[in-house]
Amino acid sequence: MKLKQSIRYQLADFIGPVIIYYGVVIALHIVLCLAWIFGSIRAYMSGGLSAFSTVFLFICGLCSFHDNLPMHLQNGVSRKTMYTAWLAVTGIVSAFMAAADTVLAVLIDLLDLPIWGYGSANLFLTLFNLDRLAFGQTLVNTLFSIPFSFVLLALAMTLGYFIVVFFYRLPVKLRIVVGACAGFLLFFGLPGAKILDTNLLGEGLRAFFRQYLEPVLEFIWENPFALMGTWAVAAVVLSALSWLLMRRTAVAR
């Protein structure tokens, strides 16, 4: 019974934000279309609706732990039950938003809104250039885009959850250090690696990447099943790491 209650409790946190999110998406389309028709603004959107939903659910994942842990522990709900419920909520929310994104993308493509330029509002069709095929093929690909978007959205939510659980376990000072280092590496890590590779390794890293890693990455990126499988494995690994981190987590004071 506690599991069902936890699922309902955590799921309730998503209902309002998801409604607001889609309200903003629809309002943005209306405003941009009006600006296109009656004004001189020529704004284009690209990447597909699920690209925006991915960012949204990543942020939701970041906000899904801090308040839930003390609430569950105070009410006698174990960490295992809380985490199992969160996995169920992740699946429910990701499935709903994947289906909603697909339906909205179909409507947008049928209306042929100019703000999407020459691409589709469907992320899967856009990534693999499948938006200009015959009706039957496009229909099948559109249906396949639902599980494709589901895996991506679940990964985004899982990644956000892992990050917040990881930082929650760290002491306050260490959070600052790790956050600063992560930000530094995000902006300067790749340029720094290139400089070190050129000056110290004689571009050995580039050669290794081109010979071994680049073919694998190209295969994954060009094959939707391989890409979905990679995302799914990453989501499972992040979920397992999140559980290992939170199973003995105490409430932060």
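Tutor: Angles under 35 degrees count as roughly parallel, over 145 as roughly antiparallel, 65 to 115 as roughly perpendicular and the rest as oblique. Keep that in your pocket while we go through this predicted model, where local features need pLDDT of at least 70, side-chain atom pairs count only at pLDDT 80 or more, and totals for chains, interfaces and linings use all residues. Residues are numbered from 1 along each chain as its sequence is written, and side-chain values use heavy atoms, with hydrogens and water left out.

Student: Okay, what makes up the pattern along the sequence?

Tutor: It reads α-α-α-α-α-α-α-α-α, meaning nine helices and zero strands. Both are DSSP runs numbered from the N terminus: H or I of at least four residues for a helix, E of at least two for a strand.

Student: Why is α4 called roughly antiparallel to α9?

Tutor: Helix α4 (residues 79-111) and helix α9 (residues 224-246) have axes that cross at roughly 155° and come within 11 Å. Those axes are lines fitted to C-alpha atoms, for helices over the stretch in contact, with angles from 0 to 180 degrees between N-to-C directions. The angle is past the antiparallel cut-off, so α4 and α9 are roughly antiparallel.

Student: And what is the handedness of that crossing?

Tutor: α4 passes α9 in a right-handed crossing. The rule: right-handed if the near helix is turned clockwise from the far one by less than a right angle, left-handed if anticlockwise.

Student: Which residues meet there?

Tutor: R79, K80, M82, Y83 and L87 in α4 touch S239, A240, S242, W243 and M246 in α9, where contact means heavy atoms within 4.5 Å. By class, that contact has six nonpolar, two polar and two charged residues. Nonpolar covers Ala, Val, Leu, Ile, Met, Phe, Trp, Tyr, Cys and Pro, charged covers Asp, Glu, Lys and Arg, and the others, Gly among them, are polar.

Student: How is α1 oriented against α4, parallel or antiparallel?

Tutor: Check the angle: helix α1 (residues 2-38) and α4 cross at roughly 25°, with axes that come within 9 Å. Therefore α1 is roughly parallel to α4. Their crossing is right-handed, and the contact divides into 19 nonpolar, five polar and two charged residues.

Student: What makes α2 roughly antiparallel to α4?

Tutor: Helix α2 (residues 49-62) packs on α4 at about 150°, axes 9 Å apart. Set against the cut-off, that makes the pair roughly antiparallel. The crossing of α2 over α4 is right-handed. On the α2 side, L49, S50, S53, F56 and L57 make the contact, and on the α4 side V93, S94, M97, D101, L104, A105 and I108 do. Eight of these residues are nonpolar, three polar and one charged.

Student: Switching to single residues, why is L125 called buried?

Tutor: L125 sits in helix α5 (residues 123-127). Buried means under 20% relative accessible area, exposed over 50%, partly exposed in between (1.4 Å probe, protein chains only). L125 has 3%, so it is buried. S145 is 20 residues away from L125 in sequence, and their C-alpha atoms are 7.6 Å apart.

Student: How do you know that V77 is buried as well?

Tutor: Its relative accessibility is 11%, so V77 counts as buried. V77 belongs to the loop between α3 (68-74) and α4. Skipping neighbours within four places in sequence, V77 is in contact with K2, H72 and M82. The C-alpha atoms of V77 and S6 are separated by 8.2 Å, although the two are 71 residues apart along the chain.

Student: What share of the whole protein is buried?

Tutor: Of its 253 residues, 36% count as buried. For contacts with a separation of 6 or more, residues 24 or more positions apart account for 76%.
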